[in-house]
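Me: I would like to go through the terms used for this model one by one, and to see what each of them rests on.

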Amino acid sequence: MHDDRNLVEARLKRVLNERVRPAVYPESVPLEVAVWHAPGEPVPVTEGLAATGTPIAPGAAWGAPWGTSWFTVTGTIPEEWAGRTVEALLDLGFNESMPGFQCEGLVYRPDGTPVKGLNPRNQWVRIDAEPGEPVRLHIEAASNPVILGDPPFQPTRLGDKETAGTDPLYRLGRMELAVFDENVWQLVMDLEVLGELMAELPADGARRWELLRAVERALDTIDLQDVGATAAAARAELAGVLSSPAAPSAHRISAVGHAHIDSAWLWPLRETVRKVARTASNMTALLEDEPDFVFAMSQAQQWAWIKEHRPEVWAKVTKAVAAGRFVPAGGMWVESDTNMPGSEAMARQFVHGKRFFIDEFGIDDEEVWLPDTFGFAAGLPQIIKAAGSKRLLTQKISWSQTNVFPHHTFLWEGIDGTRIFTHFPPVDTYNCAMTGGELAHAARNFKDKGLARHSLAPTGWGDGGGGTTREMVAKAARVRDLEGSPSVTWEPPADFFAKAEADYPHPPVWVGELYLELHRATLTSQAKTKQGNRRSESLLREAELWAATAAVRAGATYPYERLDRIWKTVLLHQFHDILPGSSIAWVHREARRTYEAVAEELNEIIDTAQRALAGDGDRVVVFNGAPHTRDGVPGGGALAVSGVRWTEARERDGGGFVLDNDQLRVEIDARGLVVSVYDPQADRETLPPGQAANLLQLHPDFPNKWDAWDVDRFYRNTVTDLVDAEEVSLADGSVRIRRSFGASAVTQLLTLSGRRLDIETEVDWHETEKFLKLAFPLDVHADRYASESQFGHAFRATHTNTSWEAAKFEACNHRFVHVEEPGWGVALVNDSTYGHDVTRTGSTTTFRVSLLRAPRFPDPETDQGVHRFRHALVPGATIGDAVREGHFVNLPERRVPGSAAVEPLVGVDDDAVVVSAVKLADDESGDVVVRCYESRGGRARATLTAGFPVAEVVATDLLERPVGEVRHEGGAVPLTLRPFELVTLRLKRA
Ligand SMILES: [Zn+2]
C-alpha cells in the first residue's frame, strides 16, 4: 500500500476547519444588543442589571482599559427552530488564539442569577426558551487589556488604570441565537480525538493505520454541502476504532478540572474577585451538564472572595462541594511563593487555608497544590506535615532551563528529614486541554515508568480562560479506555494521590530544595513589595507577642479579629506573582499602600500593648521582641534600662576612617570601601588581602524573556564597580558615604554595633535594565554556605562543579547567609533582601546581596525611586550568632515611657531553640500558643518555662489541634528536639 498518511491528514484538517466545525451552528439570527459603560470601577450586579444601555452592533468598538460594560442582549427564537437545541453565541471581541488574558464576561439572567462565564474559547450559552418566547440576558463584561501580547514582554502603560488611557480595546463580535447541531459537534470531537491520537502513534504500528482508514471512511461519508444530515453516518464509521480498549500497560491519567487563576498578576486584585466568579460559574454549569466531571479550585482566599462578593455564585459552589464534585485543593490561603515567606507566614498559609475549608465544608485537605510556584524551599516539607497535610503537587520545575528533574513521583525530604509524597504532572502544564499531543507527552515524559503508572493532569484554561470546557470533557470521555491512548478518568486530587501512593510503595527520594532554574530575579524585583512583606512578618510577630503578653500580664483585650484580618492580607500578598514582583504596576502600587496601612495598624497594636505593660513612670522601658536576650533585656521581655554603646571613630592613615569598639575594628578607605574588618577576639582579619567589601556593583540586566522574573547568567559578564565617592565623612560615630552613578545616587551609613558592622544603604534609583549588587569578599575557605529558610537553614555549594550547582547562580535567603571554616565564620544579615549570590575564588568566598533591578515588563517603572536597606556583617559568627543577629536586625528594640519590667511569657534555656511565635490561641480560649524550633541543625535538649501559672500543656499541629499531651512541672516543659524540628505548644493558663 502506498503511504498516503499526509494526504488523509491534510484532508481531515481542511474538512474539519472549513466544513464540519462551521456546521455545528448551521443557522443563526442576530440578537439586539445594548450597552452601558459603568463609569470608573465595577458596580454591584443589581446596578449593572438596572442600567439603561444604548444600542451597539457587532463591529463597534467598546471597552476602555480596565472598564466594565454591561451588555443586554434580547431576541426571539424563530418558530421554525422548534424542537432544536438553541444557544446564544456571545463574542465580546475575543482573540481565540489566547485562551485567557483579555476581555471576559459573566452572563446573568434578568433576575440576577449567574448563568456562566464568557471566555475566548467558551462563548456559548444554552437557551431554554421555546420558539416565540423572548430571550433576555445580561453580560457584565470586563475590558481587561492584553498585557502580555505578541511580541511578548514589551513595556506597556496599560498595566495601571492611572496610565492606561481610555481608547477602546475591543470590537464586538457576533451576538446571535443559533441552532446547535449536537451530532455535528460530537463528530468534531470524534475526529479531533482520533486525529490527535493518530499523530502520536508510531507510523509502523497497525493502530495508526486503522485510525487513518476509519477517518478516511468518515470523511468519505460526509456530504460537505450538508454535514448535519450525514454526521451520524460519519460517526458510525468511527465507532469501531473508538470502542477498541486501551492496552493493560497504558499510562493512567487522573484528570482534574482546573483553572489556574493568579490572585493578581496582569490584572489587579479586584479583577481576580470577578475572574474567580466567572470561572466558578462556568464550572458549576459544566458540573450540572457532565455527570463524570470533577473540578478542583485552590486558594481559600479565592473561595472567600466568592462567598463575600458573589453570594449567588457561592450558593451553586457550596451545592457542588456537598456533592463532592467541586473540590477544595491545596489547603493554603493562596498559592504563595515558598522561597521568601518567613517561617511563621509559611505556617499561617496553611493555618488560614485549611481552616477556611474545615469551617465551611468540614474538609481537611491533605494535598498541597502549587502548580505554578517558582521553586520550593527545603523548610516546606516539615511545615506541610505540621499542618496535617501529606502530599504536594507542582509542575513548575519542568520549566527549569538547565537540568531535567529525574522524577515525576517521589518523596521530597526537607531540612529536618520530613518526607512528603510529591508529584510533578508529566503533562508539564496546569492548562491541559485534553489534546492527544498532551496526553501522549505525559505518558512518554513520565520518568517513573515501569515502577508506577499514574499521573495527574490539571485540565482547563486558567487566568480568564474560564476553566474546563465541554470539549475537554467530551475528549476525556473518548480516551477513558481507548487503544493507543493513556486512559483518562476525572477524579479529585486526593483520589489520584491515593492511587499513586498505592501504585508506588518505594518511590525515590529527593533531598533539599526544589530549586527552579528560572525566574531567579523574582527574589529581587519590586523591592518595596518584598520589604513590605518582611516588615509585616516582623510586625505580626511583635503584635502577637506583645498583645498576648499584655493580655496575660495586664488583662488587656487580645485583638483576635484584627490580627486574623491582617494575617490574611499579608498572606494574600505572598501570592506567587505579588511577592515575587512579577505583577503589573497597579498591583505593586496598591501593595505598597496596603503594607503601609498594615504597618500602621500593627504598630498601633504593639504600642497599645506595650503601654499597658510599661506602667506609669518616666523611665525608658526597652522592649526586646527578638527571641534572644539583647543588652540584658530577655527575648520577649522588657526592662527599664539604658545601655550606652561605645565606638571610637578616628581618621585612618592614607584617608578614610577607623571604627573601633574593642569587639571589632573596621577600616573604611577614602573611597568609602571597607578595606579591613579585624576581629580582635580571634586575632583574625575578615577580608582577603587587597580586597574591599561594601562594594556596590552595577550590571546590565536584560534577560532574554520574562523581564521581572529572570536574570540570565550572562549578566555577570559585564560589571562596573562603584568606587568613586563624593563624600566620606564622620557623622555621629558612623561613617557616611555618598556616591552617584548614572541617574542614581547612594548614601550609606556604616556603624559598629557590638560585633556587627551595620550598613544602612539608601538608593535613589533611576536606572533602566540594571542590576545593583553589594559585595563582601571574605577570607573564608568553604565548599558550602548556609542560607536561612523557614525554621532553619539550607546549604548550597560555593562552587559550580555540576550543572545543578552552576544553575543556582542566584538564590534566596531570609535573614542571613553564613559561611565558615572550622571554628570561625562570617554572617551577613539583612532586614529585607532575599536574592543573593555566593561565589569562590580559591580560599576567598564572596557574598553579594541583590539590592535592586530595573526591568520594564510588566511594570515599566519597576523600582524607580528611593529605597532603604539595612545589612550587617558579623565576623566571627557561628550559625547561632547568625540566627540571633538576623532577628535583631529585623526586630529592633522599642522604647516606651514607663517603669515596669516585663517578664517574658516564655523563656528557653538554650539559645539554639528559637521561639518563633507567642500568641493567644485562635479559638479565643485564652490559652497561650508557643511555637519554637531547633535553629542550628543539631540536637537540642532544653527547658521551656512559662512565666505564668500553667494548668496543662498540649502539643498541637499548626492549626492548634492537639497531637499529644506534654509533661510539665510547674510550667517547665522539657524539650528534646532533632535538627530543625519545630514544635507547637498550647499552654492552658491555670
Ligand atoms: Zn500562576
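**Terms and their grounds**

Reply: Let us start with a pairing in this predicted model: strand β2, residues 32-38, and β3 are joined in the antiparallel sense over two bridges, and Ala-34 stands opposite Pro-55 in β3.

Me: What makes β2 and β3 a pair?

Reply: Two strands pair if DSSP finds at least two bridges between them; β2 and β3 have two bridges, and therefore they count as paired.

Me: Why is β3 called an edge strand?

Reply: In the open sheet of six strands, ordered β3-β2-β5-β10-β7-β8 with antiparallel pairing, β3 (54-55) and β8 (114-118) each pair on one side only, and they are the edge strands. Helix α6, residues 269-289, packs on this sheet, where it touches β5, β7, β8 and β10, and its direction makes about 110° with that of β8.

Me: Which atoms are the protein donors of the zinc ion, and why is its site called irregular?

Reply: The donors are NE2 of His-260, OD of Asp-262, OD of Asp-372 and NE2 of His-576, and they lie 2.0 to 2.1 Å from the zinc ion, within the cut-off of 2.8 Å. The angles among the four donor atoms run from 90 to 163°; a tetrahedral site needs all angles between 85 and 135 degrees, so the upper value rules that out. Among these donors, His-260 and Asp-262 are both buried.

Me: How do you know that the side chains of β52 alternate?

Reply: Along β52, residues 972-977, Val-973, Leu-975 and Leu-977 point to one face and are buried, whereas Ala-972, Pro-974 and Thr-976 point to the other and are not.

Notes:
Residues are numbered from 1 along each chain as its sequence is written. This is a predicted model: local features need pLDDT of at least 70, side-chain atom pairs count only at pLDDT 80 or more; totals for chains, interfaces and linings use all residues. Side-chain values use heavy atoms; hydrogens and water are left out. Donors are N, O and S atoms within 2.8 Å of the metal (3.2 Å for Na, K and Ca); water is not among the atoms, so sites may look incomplete. Four donors count as tetrahedral if all angles lie between 85 and 135 degrees; four count as square planar and six as octahedral if opposite donors are over 155 degrees apart and all others between 65 and 115; anything else is irregular. Buried means under 20% relative accessible area, exposed over 50%, partly exposed in between (1.4 Å probe, protein chains only). Helices (H or I, at least four residues) and strands (E, at least two) are DSSP runs, numbered from the N terminus. Contact means heavy atoms within 4.5 Å. Axes are lines fitted to C-alpha atoms, for helices over the stretch in contact, and angles run from 0 to 180 degrees between N-to-C directions.
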